[in-house]
Amino acid sequence: MAKDVLCEVSNCVHNLHGKSCGADEIFVVSHSGRQAHNSQETDCKTFEPAR
């Protein structure tokens, strides 16, 4: 599990000090249904497909 969750959305209530996310949970979505093939199809910059 990630120790640090980074966030560049400055106007989010969970953004801490302009770079970290302080939310209790993180919810990542895919733009193409339940399967994604690369990070551009998600709202997660660190997405890597499962092998």
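## Contacts of V5

In this report a contact means that heavy atoms lie within 4.5 Å, and the model to which the term is applied is a predicted one. With residues up to four places away in sequence not counted, V5 touches K19, S20, C21 and I26. One of these partners, K19, is 14 residues apart from V5 in sequence, while the two are 8.6 Å apart in space when taken from C-alpha to C-alpha.

## Setting of V5 and the surface patch

V5 is found in the segment before β1, a strand that spans 15-16. Its relative accessible area is 31%, and V5 therefore counts as partly exposed.

On the surface, V5 joins I26 and V28 in a nonpolar patch, and together these residues have about 220 Å² of accessible area. I26, a member of this patch, is also among the residues that V5 touches.

## The cysteines C7 and C12

A disulfide is a covalent bond between the sulfur atoms of two cysteines. In this model, where a pair of cysteine sulfur atoms has to lie within 2.5 Å to be counted, the count comes to zero disulfides. C7 is accordingly in no disulfide, and the nearest cysteine sulfur, that of C12, is 5.4 Å away.

Why is the sulfur of C12 without a bond to the one in C7? The sulfur in C7 is the closest cysteine sulfur to that of C12, but the 5.4 Å between them is too far for a bond, because the cut-off requires the two atoms to be within 2.5 Å.

The surroundings of these two cysteines can also be described by accessibility. C7, at 15% relative accessibility, counts as buried, whereas C12, with a relative accessible area of 30%, is partly exposed.

Note on methods
Residues numbered from 1 in each chain as written. Predicted model: local features only at pLDDT ≥ 70, side-chain atom pairs only at ≥ 80, totals over all residues. Heavy atoms only, no water. Patch = residues over 30% accessible without salt bridge, like charges linked within 9 Å, V, L, I, M, F, W, Y side chains within 5 Å. Areas by Shrake-Rupley, 256 points an atom, 1.4 Å probe, with all protein chains shown as cover. Salt bridge = Lys/Arg side-chain N within 4 Å of Asp/Glu carboxyl O. Helix = DSSP H or I, 4+ residues; strand = E, 2+ residues; numbered from the N terminus. Buried < 20%, exposed > 50% of the residue type's maximum accessible area, 1.4 Å probe, protein only.
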